[in-house]
Amino acid sequence: MMSEKDQLTTHNYDGIQEYDNPMPGWWVMLFWGCIFFAFPYWLYYESGVPGRSIYDQYKEAVADNLRLQFSEIGELKLDSATIYKYKDDPKWLKVGESVFQMNCVSCHGLNAEGKVGPNLTDDYWIHVKEIGDIAKVVEKGANGQAMPAWGNRLHPNEIALVAAYVASLRGSLPEGTGKPPGPKAKKIPPWHAPAAEEGKSESDAEKKPDNAEQQKSDDKSQADS
């Protein structure tokens, strides 16, 4: 066992002599173990093999979660009625928002204000004339694939819900704060319910007076009898 005198070093600072107090052996072994462990860990997770990185595992976990959620609604159609329906649904818009944040912010910005891609919060669009066109652009791409086609990378429900989320962002930023519209962009009218839905509503409205008249006629017949 070393004496206190043997543990003193020759270093002396302002009359204070340095004391040699080495780290415990177990701590030193743990330190070197972490260094040696870092090499195989880096080779396994950062070697570029698909599916091994933490990011890949996170995406797989998100996909598994989405599959569980999608079992509630089945496979959505990429049409105007579906996009219009889900643009005001807070629960499913969160799914659309997560898809947007994972795949779209690099081009369109965190708030869809526009970066490389256009501003998605204003009234000016190039390839969109009505709400269902958003899903078509997401699915098939546009501008010679400057906007990539996501149809072979995203589930149809993800495309429908991210389109609904984008539709919900219209007017979310003050005018003039996002990226200015391009020269080919044209102002489009506000989102509206698809024609089929409007026609159905009008048809139902026309039937109501007939039903009311029928009820009056039935009541009169019962009174006469």
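The lining of the largest pocket draws at least two residues from each of α5 (90-103), α6 (105-108), β3 (124-125), α7 (132-140) and α8 (156-168). Keep in mind that we're looking at a predicted model here. The space inside that pocket comes to about 720 Å³. There are 34 lining residues, and those closest to the pocket's centre are His-108, Gly-117, Pro-118, Leu-120 and Met-147. As for chemistry, the lining splits into 24 nonpolar, 8 polar and 2 charged residues.

Now move to the second largest pocket, with its volume of about 390 Å³. It has 20 lining residues, and if you head for the centre you'll find Lys-59, Ala-63, Arg-153, Leu-154 and Glu-158 closest to it. Two elements, α3 (54-70) and α5, give two or more residues to this lining. The top contributor is α3, which hands over 10 residues. So α5 turns up in both places: it supplies at least two residues to the lining of the largest pocket, and two or more to that of the second largest. By type, the second lining sorts into 9 nonpolar, 5 polar and 6 charged residues.

Step back from the pockets for a moment and take in the whole chain. It carries 9 helices and 4 strands. Reading from the N terminus, the order goes α-β-β-α-α-α-α-α-β-α-α-β-α. Of its 225 residues, 26% count as buried.

One helix to trace by eye is α2, residues 25-45. How far apart are its end C-alpha atoms? They sit 30 Å from each other, and that agrees with expectation, because 21 residues at 1.5 Å a residue should span 30 Å. There is a bend along the way, though: α2 turns by about 25° at Ala-38, and a proline, Pro-40, follows within four residues.

Finally, zoom in on Thr-82, which belongs to helix α4 (residues 80-86). Is Thr-82 buried or exposed? Its relative accessible area is 11%, and the cut-off for buried is under 20%, so Thr-82 counts as buried. Its side chain has polar partners as well. One is the backbone oxygen of Lys-77, which the Thr-82 side chain reaches at 3.2 Å. Another is Asp-79, whose side chain makes a polar contact of 2.6 Å with the side chain of Thr-82.

Definitions and conventions:
Residues numbered from 1 in each chain as written. Predicted model: local features only at pLDDT ≥ 70, side-chain atom pairs only at ≥ 80, totals over all residues. Heavy atoms only, no water. 1 Å grid on protein atoms, 1.4 Å probe; cavity = no way out; pocket = protein on both sides within 12 Å on 5 of 7 lines; lining within 4 Å. Points joined across faces, edges and corners; volume = space filled by probe spheres on them. Nonpolar A, V, L, I, M, F, W, Y, C, P; charged D, E, K, R; others polar. Expected span 1.5 Å × (residues − 1). Bend = angle between axes of the 7 residues up to and from the residue. Buried < 20%, exposed > 50% of the residue type's maximum accessible area, 1.4 Å probe, protein only. Polar contact = N/O pair within 3.5 Å; in protein donor to acceptor, adjacent residues only side chain to side chain.
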